[in-house]
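Work through the exercises below with the sequence and the model open. Each task is followed by a stepwise solution.

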Amino acid sequence: MARMKFYCDAARCIECNGCVTACKNENEVPWGINRRRVVTIKDGVHGERSLSVACMHCSDAPCAAVCPVDCFYTTDDGVVLHDKDICIGCGYCFYACPFGAPQFPQDGAFGTRGKMDKCTFCAGGPEPDGSAEEYRKYGSNRLAEGKLPLCAEMCATKALLAGDAGVISDIYRKRVVNRAAASLEWGARLQRANFRAPDSGTGTETRKGHR
Amino acid sequence: MSFRPPPCRRVTRSGWICWVLLAGLALLVADLPAAAPSHDKPSAKVDDPGTDLWRFVRRRAPELRSLAEKGAIGPVTTQVKGVDTSVLINDKGQEWRLYRHRMLIPISAIVLGTVAVLLLLLYLAVGRRVPDPRETGKRLLRFVAYERTLHWFMAAIFLFLGVTGLTILYGRPLLIPLVGKESFSAMASASKEGHNLFGPLFLVSLLLFLQRFWRRNLYSRGDLRWLIRLGGLLGGDSPPAGFFNMGEKMLFWLLIAVGLLICASGLVLLFPNFGQGRLLMEGAHLIHTLGAVLLLATIMAHIYMGIATKGAMDGMKGGYVEYSWARHHHREWADEEEKKGRVLSEEEVRRRFGEARKIGVPEREAGT
Amino acid sequence: MIAQLIDGPLWLFSAWFFLVVALWRLLVILFKGRPKSLAKPRNAPGGALATIFRRFLPYPEFRKVSRVRFWAGYAFHVGLLALLFFAAPHVEFLSQRVTGFSWPALPHWAFEVAAELALGGLLFLALFRLMDPVTRFISSTGDHLASWLVFLVMLTGCFALWRSHESLRLLHLFLAELLLIYFPFSSLMHALTFPFSRGFTGAVYHRKGVNI
Amino acid sequence: MKLRKISDQPSIDKPSTSPLVQSGRALSRREFLRTSGLGAGSVALGSALLPGLMKKAEAAGEKDQQNGAVKKIRTICTHCSVGCGIIAEVKNGTWVGQEPAFDHPFNRGAHCAKGASVREHGIGERRLKYPTKLVNGKWKRISWDQAIGEIGDKLLEIRDKSGPDSVYWLGSAKHNNEQAYLFRKMAALWGTNNVDHQARICHSTTVAGVANTWGYGAMTNSYNDIHNSKAMLLIGSNPAEAHPVALQHIFKAKEENNAPLIVIDPRFTRTAAHADLFLRIRPGTDVPIIWGMLWHIFKHGWEDQEFIRQRVYGLEDVKKEVAKWTPQEVERVTGVPEHQVFEAARIMARNRPGTFVWCMGGTQHTIGNNNTRAYCIFQLVLGNMGVSGGGTNIFRGHDNVQGATDFCVLSHSLPGYYGLSEGAWKHWARVWDLDYEWLKGRFDNTAYEKKGGKGVPPMHTKGIPVSRWIDGVLENKSAIAQKDNIRAMIFWGHAPNSQTRGKEMKTAMEKLDLLVVVDPYPTVSAVMHDRKDGVYLLPASTQFETYGSVTASNRSLQWRDKVIEPLFESLPDHVIMYKFAKKLGFADQLCKHIQVQNDEPLIEDITREFNKGMWTIGYTGQSPERLKLQQKHWGTFDYTSLKAEGGPCDGEYYGLPWPCWGTPEMKHPGTPNLYDTSKPVAKGGLCFRARFGVERNGVSLLAEDSWPVGSEIKDGYPEFTDKLLKKLGWWKDLTPEERKAAEGKNWKTDLSGGIQRVAIKHGCAPFGNAKARAVVWTFPDPVPIHREPLYTNRRDLLDKYATYEDRKSFYRLPTRYASIQAKDYSKEYPLILTSGRLVEYEGGGDETRSNPWLAELQQHMFAEINPRDANDHGIRDGDDIWLEGAEGARVKVKAMVTRRVAAGVVFMPFHFGGHFEGRDLREKYPKGADPYILGEAANTAMTYGYDSVTQMQETKVTLCKISKA
């Protein structure tokens, strides 16, 4: 029994939003609903890092815990899914989710929430695998076809990893070991030197300052 | 400016720990005569600029924004437009979850259950309280039709909201085992939509209530005494009171205050698309539920009073109350009405109704 | 089984029943005729028309007394009308089952406002009918029944909002079908007959020269 | 109240409101197509689909009825030059899915935002749907025949009155190779050199600078070869946003080789965020920073002396120039402190081979050619050329800009960089099997330019470049070196908002007699002017609706299969070209040896035709058959070396990167890394090209003691000609037929390929073996030197680093330099303005802004402003601001206050369009063809300034001022 997980490697994520559009492409998610998003921290300054986030398919999923109609379930693959036929659109999962994964279609300026929508790990929903009904409600079911979520499969720099927790942690572990060596050699010194660098060398500022 | 020669170029994976120690030592030695500026001090410690990233990750956007404005860090951004999309991890969600599950559901169940059981027991033990055995046969007009309508209007909405709200709150543990997920989902969906639609009406009724009754619920002299004697629970006889006694006034203001709070927080939850973040909504939900539990318990007591006190419901049913009841509970008001000559005989009341029945002349009531 | 019944035959039956009986009642009223008046007629048709519209407002004497009922009444009627014919699901339903063409529906926010007005207004009026001795006196059981039936239809309608569950929609539809069947026998017929009654009154009075 | 019939109710909601996930009643198109298979369901919902799409879908449906299965089609992304492979899933003619091509050697299935959303091409609706004409300010639908007829008549009339040079054929880097080639040929047969495309404004200075340094103007290695790099230096390049998949390769080197990543840029780009060392220079100071690094390298003797001795000419002159760039001077000019420059130099010196990447940050300057040559010299000094892991990896922009450049959809050359000389024309006349005199007769045969006292007819003079077409329209007739002004513009896949001087462009568009846009999208050309008539919009198909070869940045040719039939009434470019040629009367000449069916020239025949003529750069070995075979087996190529291991393509490099010498039958494997002497020429090895003669001022220009492995000539040698072959005694190796064809010819003009074959057989490079030259004596600045931009606020530097003198006739036009720089604009316009890309959009952005999946991610045009400047101007993040360029054009944009730019620098992305000086032009678009997102074009505010060799526009540095709107 696999335990499916996402992991986004911040050292590699370049905020290209490929995962976001791949998700839109695969699941035909409408404008305004973003099952996945890329968040950039320290935007525009040294230390800038980006992370792609979506539903993380938690083992102890807060959304499932707080759902008043108990519409969530975890598949044998460890994917947290929900049943839109049961969902009432209350929004509690949105309050509880640490990652902001649940999305709600809204109507105009006076909106009530519709049924919740979120990343399914490209695993569809409770309907029969690959059925039209499933696609309509939840989007693609790639897992049933033996494929992984398209966002991760299409990640430009292979920053976003998806798959069995054991496998992706292995991949990431290898990267970290490589990087540790790189950091020892260059990172510590170069990056720190880099980070102390003043925002210099430009435009009017320099003009005023030069000899 | 001095530059140290770079250390050896390759690190074998197996030996890198030894390398750390050796290189650190070598660099330290190499660095001593160079006397480089302190910030250039080499370090064997891996200092990835990504590390302090994770300290920010758990913080919320507003904090980050203020830090960003101070120039301490760059802003947190995302190309995905929406509420809170730039919040990477919302750890308040967990607190909200704990509140709902560890506090709200068990504690409110205990509170509401206890109150209900106590009142029931009280009713069974004491029965209907009869304030004054003497029936005077005289009547006083207490509430006009509009006021009675308003009361029942609000009561109906309140009860509806209470039932639907509790359905959503307790449905999962209580109802799903009984009716199954699908049926309960229909119930909950209906409850949610009904709750959403009636919520604003409750606010309307609340405002109409306030407009109609606020003056009669202002504090007046003697109310404190009434309160100290707990409306006659202590000292036998009921203390004198005006149109409303202190208990009713307190209920009124509690209803208005908590009601408005519930409405306000409810509106925050009802329209999720005015840019309010999750934090605000979680807070609103907290206020909403606490207020609702408080009001529910209070209203239970209110209903108990209405049922258990003989004659109390009359004013809200037909508008007229028994004079002795009025004397007993609202002595000052009854005396005043008497002075104004507004005490009617039962015949008179019946005649008014009867005339109305016979010839269809509208009942004249002040300020309908 | 029940669902199919509600969504199919019962709907057809109630719709046709409503149409036929309501039409029959209207025709009865129209063909009933009235006693011939020998008085010299004075602008009766104009009066009829004027009265139909003038009675949209209460008499000045009653304006203050009937203020609350006036506003609640309007809130309910306008809201109901908007809901009935311009709520998106109704437009869809009517266009598919009845008319064959569709028309622009209310945006969601307007729909909700209409729902609030209609529900609030009706609930208030129904309670007022019970609480006010006069209206209570002049109301028959049928009137109460009609009020609460309409209220229930609207309430289940709002339950079925967002079309989340088929069962809720069917409940709504079922109640609406009951209402349709009950409609022609109740005072709800005023929805169709009010122009006749007002017009009749207006015509009679104007014929007599009373400008009312 | 408007009544709608039920059947007209859209079952498919607009993307902005589609409630796929809410009530779920709306049927998504894809589901519909996926499930109903256009059976009975299509009748009920038929009218819900757009008529055009429906028609096509039905037509396709009939064809595929028997196999309703999902077909997997291999194709190539049409956005940037990385050349990512795509697997498109098509069912019943509809593009229903997109799968990652995990075995594609370039991208391994990876995509950026653009690549991950290409399927939208197949289902999107915001397209130009049918030929449209502007009548009295209103768009009117017309037929193809009417459109071609009316335009053709007008063109012929203009040709009659003003000569062929008054029609401007503006092609595109979005053509595939065959279309680009046909387009250039079409312009030639029309009789003008006024033909150009986007390469002029993206990498023309690179091509000129690099080709003049060592022979070929292209990326020397490949994205994948970066895996072998030990250090990486990126200057004026932001692959994280412009070539995101390239980062996959860069990170591989960074993580697995511990290769440090150095980024030099005025902006702290998203690439810089991942750099080990970031150097923030003042915009336009590329030469000083490179010389600054070389100063340290020379000082410490880190240069590769043996390499220089063997393979570099003229470095002494460079050393003299470099000596002037002391750390103090470098800091004064660039603003980068010594320790950073030293650190960068040392990293590059200690970690060899290191790769060197540049993009538009380096090229788009008045001294763009100096910049690119300085970069080359840097790599030569370190001996990083001709080695795996080294090289100058010039990331190009559009998917086929390399190919379109190679086919010289350019005003200064014929396909294969043959130039415009008589010999070049004669070569191509032979390839086309046309009479040279007839060809000559197509041109205006008087002379307007003089060379050596003799008049040069327009056939042999460079045409007006795309960057200057405005001036071709607006300039005084007498000042232009051709008969008349430009009177008709044909924008064939070109976004005008990618060009500077927006206000003047508007005037120029209004002055034209005829404006034709051939594009899948209306583009800003349709709306930015206030014309009332004389505008035609012709719907072209995207590259997914046709097929052909496409050249990635690394010179690899990939075969792109057709995914879907052309949507709506659109037609593939080559079909439209043929229709035009037919109308204009040279269709038979255009397709003399190309099979034509229903007005569609056969793509494979075009490939074969250019195979016959492109000897200079080795576009001769890649036959359609070889390319298709490679496409089928792209999984057999190695991820790092790009070499097939086993399989039917064993030993070949992926895409047969040019030069792929000789005829296809010779089976040259392609050249993965240029100038790599460690491999035999027959296996993809090379040396520097002997392009500039054999000696200069008594010094030999040929290589010394360096040759590709296996060469029988163990020294430098000149280009191969028939005479050289005879002298070497290799003439006998030619077959009799080859001998006949090669007589009097050289390696470039021998149509049999025999000279190349024999040279390679003996281990020699057909183009000779010479040194790279550090001094380009034919250029205005033989040794690259620094010159301040035309609009500079560093007036104090002008006495030392002033710009060029004005020029009278440069690409037929007077060109201003000193006269502009003479005036001090910096008082009124104190801020430096620069521009660049966003990852979500591409080029002018019409295509990507019409894709809702992308458009949702970038909804507002903005300008990045440093907090210091924002505070000085009372601007807060998100405010609307007016930004005024130094020539007075204003744009209204949102402020993004960020430290990404330094104080004194403002940055704008250039993909937006559809607003003009604060005016929203949305209602001017043809109905239903407006992009989802509109915004001000950054280039509206950009100013005059053109490179001294190629007329590249200066978009990377000018001046501006900002104020709160």
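**Exercise 1. Find the strand order and the edges of the three-stranded open sheet in chain B.**

Step 1. The order is S3-S2-S4 in chain B, and the pairing is antiparallel. Strands are DSSP runs (E, at least two residues), helices likewise (H or I, at least four), numbered from the N terminus. Two strands pair if DSSP finds at least two bridges between them.

Step 2. Strand S3 (320-322) and strand S4 (344-345) of chain B are the edges; each has a single partner strand, so one side of each lacks a neighbour in the sheet.

Step 3. Strand S2 (residues 138-141) of chain B runs antiparallel to S4(B), joined by two bridges. B:Lys138 stands opposite B:Ser345 in S4(B).

Before going on, note the conventions. This is a predicted model: local features need pLDDT (the predictor's confidence in each residue, from 0 to 100) of at least 70, side-chain atom pairs count only at pLDDT 80 or more, and totals for chains, interfaces and linings use all residues. Residues are numbered from 1 along each chain as its sequence is written, chains are lettered from A and ligands numbered from 1 in the order written, and side-chain values use heavy atoms, leaving out hydrogens and water.

**Exercise 2. Describe the open sheet S2-S3-S4 of chain D.**

Step 1. Three strands pair in the antiparallel sense.

Step 2. Strand S2 (71-76) and strand S4 (94-100) of chain D stand at the edges, each with a single partner strand, so one side of each has no neighbour in the sheet.

Step 3. Neighbouring strands of this sheet are turned by 35° against each other on average, direction ignored. The axes are lines fitted to C-alpha atoms, for helices over the stretch in contact; angles run from 0 to 180 degrees between N-to-C directions.

Step 4. S2(D) is joined to strand S3 (residues 85-91) of chain D by six bridges. D:Ile76 stands opposite D:Gly85 in S3(D).

**Exercise 3. Is strand S18 (residues 514-519) of chain D mostly covered or uncovered?**

Step 1. Mostly covered: six of its six residues are buried. Buried means under 20% relative accessible area, exposed over 50%, partly exposed in between (1.4 Å probe, protein chains only).

Step 2. In a regular strand, side chains alternate between the two faces of the sheet. Here D:Leu514, D:Val516 and D:Val518 point one way, and D:Leu515, D:Val517 and D:Asp519 the other.

Step 3. Strand S17 (residues 488-492) of chain D pairs with S18(D) in the parallel sense over five bridges. D:Ala488 stands opposite D:Leu514.
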